[in-house]
Amino acid sequence: MFKGFLFFLHYGWKYDKLYVVWRFLFQIVNSVMPLAAALMPKMVIDELMGKGRLDYLLLYIGIFAGYALVAGALSSYFSLDGFTRRCKVDAAFHSMLYERLSLSDYEHLESPSFRDMQEKAEKFLTCDWHGFGYLLDCALNIIGQSITLMGLIAILSALNLWFVALFAFLALLSAYVEGRAKKRAMALSHEVVADQRRWMYYAGVFKDSKYAKESRINGLGRWLLEREKHFSARSIQNIKKQNDAYIQSGIIRAGLTFLQQGAAYGYAVFQVLSGALGIGSFTMCVGAVSSFAAALRKMMDSVVEIRAYDFYYDALDEYLNMPRRLRMGARHPKERAEHTIEFHNVGFRYAGTEKWALRHVNLSIKGGEKLSIVGENGSGKTTLVKLLCRLYDPTEGEILLDGTNIRELDYDGYMTLFSAVFQDFQLFDLPLRDNIALNQPMKDEKMWEALEKVGLKERIKMLPKGLDTSVGREFDEEGFLPSGGEAQKIALARALYRNAPIVILDEPTAALDPKAEYELYCAFDRLIQGKTAVYISHRLSSCRFCDRIIVLEKGSIAEYGDHDSLMKSGGKYAQLYQLQAQFYT
């Protein structure tokens, strides 16, 4: 039951010990207030109706007012400084979470079930937007309310212990009813999470500018709106079912509270009328009854909350402990100028499908070789490159680097061997220099050299801030909005700047016209002399300068050779080449 509490206690103590101490002291300080509020009126009233000693009255008032002053100041300090520390713990924890996410296997990020798990984990962390660490507060609240209840039981024992037991039973029954309602509501959470994620997706489409052109040109506004309304209606319906359960439990709790209060006041009045209880004690008992009910309700509410959100803890635990199979290797790649990569009977299929994206692929890429991979859409070109870059591991077969299975190699060490530009490359809303260097040391001269090689140097020099110009306008209204071709040249400059021994270009020049693409590839051919290069392009004219060409068809290698030999053979490559050439001749 208290796995969630222990989780927050562990990370709270790890990142800021005073955060946990302050939250505990906050509960202690506030747990005594109801006791003082119940006792003080009795003492004042008894004195007024008795000897009426002014010095005693001033003493009682001074003690109560002084405690209220000190307790109020401490409560405010522990609460507000504790909130600051909670934000610090929250930020530190999420940084740790983002680090783990950045190290997780790429296949997880493409999995819908993984994204659902993320949503459930987020629900646990924030307890449906109550805030990070809410369950820790609930657990500590149980401690604070327990102290209050023990003090109030001592006070109420002046009435009758059996009456106190009955009163407690009614309060526990009320909490039990609410707990069952909470459990029923939580059972609907799986559906709520899935529907809300889809709802937020369609809502995000309207706000994301990258969808704006498609939406307007194709008149998708109402079409998308219907889907947004469909999932919003489903989400709201499930939320309504949850709240209906809460409403029902609230009505029952109100009835039980009525019985509690009626019984308590009736019994106390009877005791006063029979002479067994004085006015001061009556006031104390009435105050204690109200405080007792409130404290017990708060304590049971906290227990219910902890039990309810433990429902999500398993999702968070699974999320934090996702296996990182790609990072199990420990051997570092050998340091050498050229590397040989071999595919031995490699096959791969994506999770959730029986269809093979690649099958029986045998391939050797020699150091310094320029290889072009061609084929129609869906032939497996990008999948092969993802395996080469270890975004995935093969389903069957093995990939060797200099004779060593890449599964045995340190993942980060292996990745340093590659400079890659994918067809869906991304630029960041950061200065140009950051977009080019990324996590590499920044050297302006080297950056300008890379920009000159891709034909973008003069364009960047014309910008007012040069390399310090932001890409995009998320944070800077005067940011640089590159065209499709300019964006691709920035990505290519990034690959040159990285200066890795193996370069992969996975259709990164789709926004360029055929002539510009061919010229850029030829320039790259000159620039990366001595490096291993793998090119993927739909335009086969860019293959002519490559040492070897691999033709993929339905996930298998159909042909391989250089341009001239493949044209002479009259096979698939020759057909594709001639089909494209007719548009340019």
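In the predicted model, Arg 325 and Glu 107 are joined by a salt bridge in which the closest N and O atoms lie 3.0 Å apart. The two residues belong to distant parts of the chain, with their positions 218 residues apart in sequence. Arg 325 is located in the loop between α12 (279–320) and β1 (341–348), whereas Glu 107 is part of helix α5 (residues 106–109). Arg 325 has a relative accessible area of 42% and is therefore classed as partly exposed. Glu 107 is also partly exposed, at 30% relative accessibility. The pair is one of 21 salt bridges in the structure.

A further salt bridge is formed by Glu 396 and Arg 359, with a distance of 2.6 Å between the closest N and O atoms. Glu 396 is found in strand β4 (residues 396–401) and Arg 359 in strand β2 (residues 358–365), so the contact ties together parts of the chain that are 37 residues apart in sequence. Glu 396 has a relative accessibility of 22% and counts as partly exposed. Arg 359, with a relative accessible area of 27%, is likewise partly exposed.

Glu 369 and Arg 548 also meet through their side chains in a salt bridge, at 2.7 Å from N to O. Because Glu 369 lies in the loop between β2 and β3 (370–374) and Arg 548 in strand β9 (residues 548–553), this pair ties together parts that are 179 residues apart in sequence. Both partners fall under the 20% limit for burial: Glu 369 is buried at 10% relative accessibility, and Arg 548 is buried with a relative accessible area of 17%.

Salt bridges also occur as a network. Asp 16, Asp 81, Arg 85 and Lys 88 are linked in this way. The network thus brings together two Asp residues, one Arg and one Lys.

Apart from the charged contacts, a nonpolar patch was identified on the surface. The patch consists of Leu 166, Phe 169, Leu 173 and Tyr 176, which together have about 400 Å² of accessible area. One of these residues, Leu 173, is placed in helix α8 (residues 161–187). Leu 173 has a relative accessible area of 32% and is partly exposed. That value meets the patch criterion, because residues of a patch must have over 30% relative accessible area.

How values were computed
Residues are numbered from 1 along each chain as its sequence is written. This is a predicted model: local features need pLDDT of at least 70, side-chain atom pairs count only at pLDDT 80 or more; totals for chains, interfaces and linings use all residues. Side-chain values use heavy atoms; hydrogens and water are left out. A salt bridge is a side-chain nitrogen of Lys or Arg within 4 Å of a carboxyl oxygen of Asp or Glu. Helices (H or I, at least four residues) and strands (E, at least two) are DSSP runs, numbered from the N terminus. Buried means under 20% relative accessible area, exposed over 50%, partly exposed in between (1.4 Å probe, protein chains only). Patches are made of residues with over 30% relative accessible area and no salt bridge: like charges are joined within 9 Å, nonpolar side chains (Val, Leu, Ile, Met, Phe, Trp, Tyr) within 5 Å. Accessible areas come from the Shrake-Rupley method with a 1.4 Å probe; for residues, only the protein chains shown count as cover.
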